[in-house]
Amino acid sequence: LPATDAGDPRYAKVFGFGILGTLVDDCGDRSCWPPEGHMLHQAAQANKDRGWILRLTGTLRIAWDSWSLGTVMYAIIDGRLPFGRRTQADAGLVRFPASFDTLEPSAQVLVEGLLCRNTTVRMQVPEALKHSWFRSFCRRTAAESATAVRKLEGFSSAKLAKRLFGHFLVEFLDARALRQVSRSFYDMDFDGDGLLSLHDLEASAKNAAIKNPKGVAQDVLRAFDCQGSCGLTLSRFAASLAEEAIDGRSLCLAFESIDGDGSQQIAPPELLEVLRTFDPSVTLQEVVDHIADVETEAPRCLGASEDHVLDFDEFAQLFPHRAARLEMLERRTEQSRASARDLSGRFWATWGEAQAWLSVLDDVARSLDELKIVVIEQFREVEVRHAALDDIQRGIRRAHERLCSVPGPLDCAEETKKRQRVRAARRSPRGVCQNPKPDVFYGFDTFMQDRSIEEHWPGLVKEEDVSVARARRRKERRALTVADYLTVCDSAEAVLDKLQQVLTWTRTQADEYMAFAEAFDETEDTMPRMSMSGRGLGQHLSMGDWGGGMASKEDSVKGDAWPWRCFCGRAP
């Protein structure tokens with residue numbers, strides 16, 4: 001943003017919210033200041049009062065922050081400040097240029113509300129955060145919204161131990177997982193108050209085509225014990241998606257926090273102790289049944305047994321969504337390895353023949369490099385120069401034969417068809433050249449044949465071959481002139497340049513594919529399993545630990561350690 005109308009960048013525009021409390025009074029840049037701020041500033045200058053900013057009330061600071069936010073938003077959208085002259089700001093005259101027409105009408109309503117001259121009516125930041133324009137960026141597709149609603153319904157109807165386990169996992173979700181969860185939450189929060197009320201849940205259930213949406217909404221609030229509160233908070237909602245959103249590192253931390261004795265195994269009593277911090281009514285049998293249900297649903301559990309004592313691999317099976325993702329990744333990894341082996345095998349199968357092909361062209365290039373000088377040296381005998389001419393013609397024809405038979409798996413018929421497709425791609429229906437250089441993909445085994453088709457290698461030295469053949473016929477009639485010898489030399493030079501281009505490109509491409517093939521063949525070994533990262537976590541972590549301190553289990557039950565608050569001021 002320009003710091004002033006003149007584009008002076010010396011002073012930063014925004015320091016964060018609380019803007020008017022941190023601006024320097026004598027900076028000379030007040031383009032974000034509201035009209036009442038300028039009035040107070042002028043009065044303070046008349047009275048030589050330099051501490052007037054520090055004496056502003058909190059209500060006035062918030063109102064001025066809203067004006068500053070509106071100014072910044074206007075400048076981001078339009079690239080200019082909303083008020084060219086101070087008198088326009090004092091009069092509250094906001095003009096919206098054509099740049100706002102590309103946005104939704106609600107964007108203009110939002111900026112206009114923030115730039116209201118009347119401080120009592122001016123939109124405040126909490127109200128702006130609930131605005132429909134901001135919330136439109138959190139909207140998901142109908143299918144994604146329906147899936148989230150059905151997951152919430154399934155979680156609310158699950159057994160008590162499973163629901164408590166979800167609440168326990170919320171404390172270990174990282175920022176990425178919380179953003180993933182919050183998208184579904186804000187998508188259901190239709191009124192934007194930061195809570196999922198009965199109306200929000202009922203509307204979400206209707207959109208998801210769930211039968212009896214009102215009953216489902218009531219069941220959800222009852223399952224989360226929110227019937228007497230103003231609605232479902234984000235922290236409680238996150239429990240329904242915690243098993244799906246949690247990552248591997250957070251999973252390790254959750255395992256360690258339950259494994260109080262450091263045995264790297266979790267017994268049902270240890271899990272029961274943790275879950276009772278959320279609901280003392282849960283029983284050991286409910287915990288055992290929950291573990292047994294998951295073991296039944298996850299037959300691929302490594303080393304699964306019926307004693308319900310879980311090591312980390314078995315503990316990971318308590319998260320079916322994560323197990324499914326890992327299984328999908330394993331399939332993709334195996335597919336990638338199979339593809340790598342196939343590509344590597346194709347390259348090495350062609351590379352031996354390609355080396356022999358390159359060796360022949362190298363010999364021809366060396367021969368032409370020597371003979372082109374001999375043929376024009378006038379001090380040599382005529383027979384020697386004629387022999388050089390014959391050798392040049394044989395070399396060019398040998399190169400032509402090699403360029404017509406490029407190594408690769410394609411036979412003559414397949415190569416002809418591919419060449420015809422390339423030609424068709426270069427021409428429009430009227431036969432006019434439309435795309436002279438279409439995209440060409442070089443295969444690991446067909447890269448030389450693909451290049452041959454693209455650059456038309458079979459005809460690469462045809463013109464020079466005809467020129468040298470014409471000079472040879474004149475030799476047989478004993479009619480060679482100095483110009484004929486020079487023509488032969490020029491032809492040999494041209495063929496040599498073309499062969500060098502072919503050799504350079506082929507070796508460069510082969511080196512690149514060889515590096516890939518070697519990387520495919522020498523896949524790094526899997527890293528060894530590490531022991532659990534830390535011990536001494538007998539007490540499970542709470543959100544208070546993210547700030548550097550330990551929170552008691554009682555704090556976890558009350559929700560005092562949770563850093564979020566809904567807009568009504570209640571803790572979750």
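## A tour from a surface pair to the cores

Select Asp 342 to begin: this residue is partly exposed, with a relative accessible area of 37%, where buried means under 20% relative accessible area, exposed over 50% and partly exposed in between, for a 1.4 Å probe and protein chains only. The model is predicted, so local features need pLDDT of at least 70 and side-chain atom pairs count only at pLDDT 80 or more, while totals for chains, interfaces and linings use all residues. Residues are numbered from 1 along each chain as its sequence is written, and side-chain values use heavy atoms, with hydrogens and water left out.

Now add Arg 346, which forms a salt bridge with Asp 342, the closest N and O atoms being 3.2 Å apart; a salt bridge here is a side-chain nitrogen of Lys or Arg within 4 Å of a carboxyl oxygen of Asp or Glu. Both residues sit in helix 18 (residues 320–374), four residues apart and thus separated by about one helical turn, helices being DSSP runs of H or I with at least four residues, numbered from the N terminus. Arg 346 is partly exposed as well, at 39% relative accessibility.

Next, select Asp 390 and Arg 472, whose salt bridge has its closest N and O atoms 3.2 Å apart. This pair links distant parts of the chain, with Asp 390 in helix 19 (residues 382–404) and Arg 472 in helix 22 (residues 462–476), 82 residues apart. Asp 390 is buried at 13% relative accessible area, whereas Arg 472 is partly exposed at 25%.

Move to Glu 243 and Lys 162, whose side chains meet in a salt bridge of 3.2 Å, N to O. Glu 243 lies in helix 13 (residues 242–245) and Lys 162 in helix 8, so the pair ties together parts that are 81 residues apart in sequence.

Which residues touch the most other members of the largest nonpolar core? Select Phe 165, Phe 168, Phe 237 and Phe 315, in a core of 55 residues; such a core is a set of buried Ala, Val, Leu, Ile, Met, Phe, Trp, Tyr and Cys residues joined through side-chain atoms within 4.5 Å. Helix 8 (residues 160–170) gives the largest share, six residues. Because domain 2 (140–246) and domain 3 (247–318) both contribute residues, this core lies between them, the bounds coming from an automatic or database domain assignment.

Finally, a second, separate core of 40 residues can be selected through members including Val 364, Val 375, Phe 447 and Val 468.

Terms used
Helix = DSSP H or I, 4+ residues; strand = E, 2+ residues; numbered from the N terminus.
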